[in-house]
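Me: I would like a close look at a single part of this model, the ligand-binding region. Please start from the annotated positions and work outward.

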Amino acid sequence: MTRPVAVLVGPPGAGKTTIGQLLAERLGTNFRDVDHDIEAAAGKPISDIFVDDGEPAFRALEVAAVRTALETHDGVLALGGGAVLAEATRKALTGHRVVFLDVGLSDAADRVGLNTARPLLALNPRAALRTMLAERAPIYAEVATVTVTTDGRTPDDILAEVVAQLDEVPA
Ligand SMILES: Nc1ncnc2c1ncn2[C@@H]1O[C@H](COP(=O)(O)OP(=O)(O)O)[C@@H](O)[C@H]1O
Ligand SMILES: O=C(O)C1=C[C@@H](OP(=O)(O)O)[C@@H](O)[C@H](O)C1
Ligand SMILES: [Mg+2]
């Protein structure tokens, strides 16, 4: 059965896309980002999906995209920050190697900045992130088999810890 070597979860700005790419390079495998799969399936950027179709439509696409990716991708997989909100996705993650990239409000806000690419953060990124971090922290912890703190650390430093921790959990 095909399965990802690692699945990265965590809030927006945790570095799932960035660290996921580096981890795939390090392991000599492919990187896949579910946000990208959703954009390809919808034929438009995530910001347009939210505006045209609404968040529930985005979440439905996301559940389907995560399920497909978990079943078909054998490299490193990054999920969008809100993917774990769906019970179906939390269940589907059971038995996978799930890396929670943790980040605090200050670093997350600095990293996402002010732009429209993440529609849930477009209005007031700091306030939205504060609520997200509080609501989602227990969910990320619940699905994770490995947790790595990213605050104040370079991507290379984070990558080294992810690799070291993955070496200690069964494949
Ligand atoms: N450890 C880090 N230190 C500084 N900037 C980072 C770090 N990790 C990611 N970034 C930057 O933060 C932004 C968000 O990173 P990204 O990988 O897209 O996060 P996510 O996919 O978790 O939302 C990007 O501009 C990225 O270059
Ligand atoms: O946290 C969220 O609800 C979201 C996070 C985004 O992905 P990143 O975590 O990669 O920014 C993207 O899936 C969408 O904008 C919704
Ligand atoms: Mg991302």
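Reply: What follows goes through the annotated positions, then the two ligand shells, and then a helix pair. The model is a predicted one.

The UniProt record, an unreviewed entry, gives the feature "binding site" at Gly13, Ala14, Gly15, Lys16, Thr17, Thr18, Arg118 and Arg153. These positions span 141 residues of sequence, and in space they are also spread, with up to 22.7 Å between C-alpha atoms.

Two of the listed positions can be taken in detail. Alanine 14 sits in the loop that runs between strand E1 (6–9) and H1. Alanine 14 counts as buried because 29 other C-beta atoms lie within 10 Å, where the cut-off for buried is 20 or more. Leaving out residues up to four places away in sequence, alanine 14 touches Leu101, Asp102, Val103, Ala108 and Thr150.

Threonine 17 belongs to helix H1 (residues 16–27). The unreviewed UniProt entry lists Thr17 under "binding site". Threonine 17 has 15 other C-beta atoms within 10 Å and is therefore partly exposed, since that class falls between exposed, at 12 or fewer, and buried, at 20 or more. Apart from neighbours within four places in sequence, the contacts of threonine 17 are Asp33 and Ala78.

Now the ligands. Around ligand 1 there are 15 residues, and those that come nearest are Gly15, Lys16, Thr17, Thr18 and Arg111. Two elements, H1 and helix H8 (155–168), each give two or more residues to this shell. H1 provides the largest share, three residues. By class, the shell around ligand 1 holds eight polar, four nonpolar and three charged residues.

The shell of ligand 2 consists of Pro12, Lys16, Thr17, Asp35, Ile46, Gly80, Gly81, Gly82, Arg118, Pro119 and Leu120. Of these residues, four are nonpolar, four polar and three charged. Lys16 and Thr17 are among the residues around ligand 2, and they are also among those nearest to ligand 1. Arg118, listed by UniProt under "binding site", is one of the residues surrounding ligand 2.

Asp35 of the ligand 2 shell falls within the range of helix H2 (residues 34–42), and the axis of H2 comes within 9 Å of that of helix H4 (residues 55–72), with a crossing angle of roughly 115°. The crossing of H2 past H4 is right-handed. On the H2 side the contact involves Val34, Asp37, Ile38, Ala41 and Ala42, and on the H4 side Leu61, Glu62, Ala65, Val66 and Ala69. The contact of the two helices is made up of eight nonpolar and two charged residues, with no polar ones.

H4 also contains arginine 59. With 16 other C-beta atoms within 10 Å, arginine 59 is classed as partly exposed. Along the chain, arginine 59 and alanine 86 are 27 residues apart, while their C-alpha atoms are separated by 7.9 Å.

Technical notes: Residues numbered from 1 in each chain as written. Chains lettered and ligands numbered in written order. Predicted model: local features only at pLDDT ≥ 70, side-chain atom pairs only at ≥ 80, totals over all residues. Axes fitted to C-alpha atoms, helices over the stretch in contact; angles between N-to-C directions. Helix = DSSP H or I, 4+ residues; strand = E, 2+ residues; numbered from the N terminus. Left-handed = near helix turned anticlockwise from the far one by under 90°. Contact = placed C-beta atoms within 7 Å. Nonpolar A, V, L, I, M, F, W, Y, C, P; charged D, E, K, R; others polar. UniProt positions renumbered as here; feature names shortened; annotations may be inferred. Near = placed C-beta within 6 Å.
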